[in-house]
Amino acid sequence: TTIVATGGYHAAGIGGGEGGKDPDGTTSIRIYTGTVDATGGTDGAGIGGGDCQPGAHTYIYDGTVTAQGGKHGAGIGGGDEEGTIGIFIYGGTMIKATGGEHGAGIGAGEEGGNLRKAPEGGVNISGGTLDITGGKYAAGIGAGYNEDMSGTVVISGSAKGNIEGGNKGAG
């Protein structure tokens with residue numbers, strides 16, 4: 001199975017649209033296998049939230065996933081002005097997540113630093129091969145541009161790969 005998804009101006013490639021600080025009815029995003037290529041609109045994450053949207057709990061169990069955030073969004077996580085509710089990456093996945101210019105590779109969009117707390121929230125990676133890059137002004141995993149991070153990032157198990165922040169962001 002191959003899925004290619006592109007979000008409109010304020011929307012995620014896969015996940016939320018514009019508006020509000022609560023998830024927009026997308027209660028969870030689950031990827032079990034296959035190939036997924038998701039690109040967010042200008043204010044959206046590749047996978048997760050749109051403008052002012054944290055998105056939904058996102059679970060990636062297996063497969064090959066490429067997620068590119070729009071200018072203000074994370075690759076996987078929050079859209080513009082939002083963090084994330086919870087991201088969980090397991091097992092045999094191959095993940096390439098790149099934040100937009102102001103978004104983290106995995107985590108928050110521009111002005112979004114709240115990653116919530118593990119175990120039910122935050123960023124939790126327990127396996128897979130990762131290639132994570134933050135936007136020019138953002139972290140590889142964590143906060144977007146113009147925001148301090150709060151919450152939890154847990155990397156454990158067999159997870160391996162490369163994590164880089166932008167020119168002005170932490171890895």
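This is a short walk through the strands, the aromatic rings and a few side-chain contacts of the structure above.

Okay, hi everyone. Before anything else, keep in mind that we're looking at a predicted model.

Let's start with some strands. Find β3, residues 28-31, and then β6, residues 57-60. These two pair in the parallel sense, over 4 bridges. If you want one spot to look at, take I31: its bridge partner in β6 is I60. Now stay on I60 and look across to β9, which covers residues 86-89. β6 and β9 also run parallel, joined by 3 bridges, and there the partner of I60 is I89. So you can step from I31 to I60, and from I60 on to I89.

Next up, the aromatic rings. How many aromatic pairs does the count come to? It comes to 5. When we talk about a ring pair, we give the distance of the centres and the angle of the planes. Take Y59 and F88: their ring centres are 5.0 Å apart and the planes sit at 10°, so this pair is stacked. The cut-off for stacked is planes under 30 degrees apart. And these two come from strands we've just met: Y59 is in β6 and F88 is in β9, so the pair ties together parts that are 29 residues apart in sequence.

Are those two residues buried or exposed? Y59 counts as buried, because its relative accessibility is 16%, and F88 is buried too, at 8%. The limit for buried is under 20%.

A second pair to look at is Y61 with Y90. Here the centres are 5.2 Å apart and the planes are at 10°, so that's a stacked pair as well. This time we're in loops: Y61 is in the one between β6 and β7, and Y90 is in the one between β9 and β10, so again the pair links parts 29 residues apart in sequence. As for accessibility, Y61 is partly exposed at 26%, and Y90 is partly exposed at 29%.

Put the rings together and you get a cluster: ring pairs link Y32, Y59, Y61, F88 and Y90. One more thing about Y59: the charged end of R30 sits over its ring, 4.2 Å from the centre.

Now over to another set of strands. Here 5 strands make an open sheet with parallel pairing, in the order β2-β5-β8-β11-β14. Which strands are at the edges? Those are β2, at 14-15, and β14, at 141-142, each pairing on one side only. Inside that order, β8 (residues 76-77) and β11 (residues 106-107) run parallel and are joined by 2 bridges. G77 stands opposite G107 there.

What about salt bridges? Searching the whole structure turns up 1. D131 forms it with K96, and the closest N and O atoms are 3.4 Å apart. D131 belongs to β13, residues 129-133, while K96 is in β10, so this contact ties together parts 35 residues apart in sequence. Both ends are partly exposed: D131 has a relative accessible area of 28%, and K96 has 39%.

Last stop, the surface. V153, I155 and I163 make a nonpolar patch of about 200 Å². I155 is part of strand β15, residues 153-155, and at 44% relative accessibility it counts as partly exposed.

That's my tour, thanks for listening.

Technical notes:
Residues numbered from 1 in each chain as written. Predicted model: local features only at pLDDT ≥ 70, side-chain atom pairs only at ≥ 80, totals over all residues. Heavy atoms only, no water. Pairing = 2+ DSSP bridges. Phe/Tyr/Trp six-rings, centres within 6.5 Å; stacked < 30°, edge-to-face > 60°. Buried < 20%, exposed > 50% of the residue type's maximum accessible area, 1.4 Å probe, protein only. Lys NZ or Arg CZ within 6 Å of the ring centre and 35° of its normal. Patch = residues over 30% accessible without salt bridge, like charges linked within 9 Å, V, L, I, M, F, W, Y side chains within 5 Å. Areas by Shrake-Rupley, 256 points an atom, 1.4 Å probe, with all protein chains shown as cover. Salt bridge = Lys/Arg side-chain N within 4 Å of Asp/Glu carboxyl O.
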